[in-house]
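This report follows the model that is shown here, beginning with a single residue and moving outward to the charged pairs and the chain as a whole.

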Amino acid sequence: TCVAELIIALRRAYKPIKSSNTILNELTNLVQRNNNLSGFDTKIESLISELNEVQISEDGESNRVSVVNANNRIAFNTFMNGLQDQQVVSTIDNLKYSIHKCS
């Protein structure tokens, strides 16, 4: 749509664009700090959104689904690898066990 294209053009014109490698490096080094799960999650979402935007602009709109799917896996791995709250890790492990048990 025209509005979506305008938003993308404005973002490109006024927001410094990081390279996909820079964003991936930030994701790789991201960890939860001060038991702030909400802030950790928000930072991952923000970086993944940036990564999607950069990669889709490089690879083309026709690759949107594959780019987003791949980056969703990166987001999940970043979340799991960066968690420092052991209670959250334990809860996720229990949920994974329950899901596998139901399959």
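Q32 sits in the loop that joins α2 to α3, in a structure that, it should be said at the outset, is a predicted model. Its relative accessibility of 0% falls under the 20% limit, and Q32 therefore counts as buried. When neighbours within four places in sequence are set aside, Q32 is in contact with L37 and F40, and also with G82, L83, Q84 and D85. As for its distance from N21, the two residues are 11 positions apart in sequence, and their C-alpha atoms are 21 Å apart in space.

**Salt bridges**

Side chains of opposite charge can pair when their charged atoms come close. In this model the count of salt bridges comes to three, and the table gives each pair with its distance from nitrogen to oxygen.

| Acidic residue | Basic residue | N to O distance |
|---|---|---|
| E26 | K18 | 2.9 Å |
| E50 | K18 | 3.7 Å |
| E61 | R64 | 2.4 Å |

Which residues are linked in a network of salt bridges? The network consists of K18, E26 and E50, with K18 meeting E26 in one bridge and E50 in another. Because E50 belongs to helix α3 while K18 lies in the loop between α1 (2-14) and α2 (20-28), the pair of E50 and K18 ties together parts that are 32 residues apart in sequence.

The partners in these bridges can also be described by their accessibility. E50, at 13% relative accessibility, counts as buried because its value is under 20%, whereas K18 has a relative accessible area of 27% and is partly exposed. E26 is likewise partly exposed, at 25% relative accessibility. In the remaining bridge, between E61 and R64, E61 counts as partly exposed at 49% relative accessibility, and R64 counts as partly exposed at 37%.

**Another residue of helix α3**

E53 lies in helix α3, which covers residues 37-59. With a relative accessible area of 18%, which is under the 20% limit, E53 is classed as buried. Not counting residues up to four places away in sequence, E53 touches R11 and I17.

**The chain as a whole**

The protein chain has five helices and zero strands, and its elements, read from the N terminus, follow the order α-α-α-α-α. The C-alpha trace spans about 45 × 35 × 25 Å along its principal axes. The radius of gyration of the protein chain is 16 Å, where a compact globule of 103 residues would have a value near 13 Å.

Of the 103 residues in the protein chain, 27% are buried. Among contacts with a separation of 6 or more, 61% are accounted for by residues 24 or more positions apart. The accessible surface of the protein chain comes to about 7,300 Å², and carbon and sulfur atoms make up 54% of that surface. With regard to charge, the protein chain carries 10 positive and 11 negative side chains, and the centres of these two sets lie 3 Å apart.

Notes. Residues numbered from 1 in each chain as written. Predicted model: local features only at pLDDT ≥ 70, side-chain atom pairs only at ≥ 80, totals over all residues. Heavy atoms only, no water. Helix = DSSP H or I, 4+ residues; strand = E, 2+ residues; numbered from the N terminus. Buried < 20%, exposed > 50% of the residue type's maximum accessible area, 1.4 Å probe, protein only. Contact = heavy atoms within 4.5 Å. Rg over C-alpha atoms; globule rule 2.2 N^0.38 Å. Areas by Shrake-Rupley, 256 points an atom, 1.4 Å probe, with all protein chains shown as cover. Lys, Arg positive; Asp, Glu negative; His and termini not counted. Charge placed at Lys NZ, Arg CZ, Asp CG, Glu CD. Salt bridge = Lys/Arg side-chain N within 4 Å of Asp/Glu carboxyl O.
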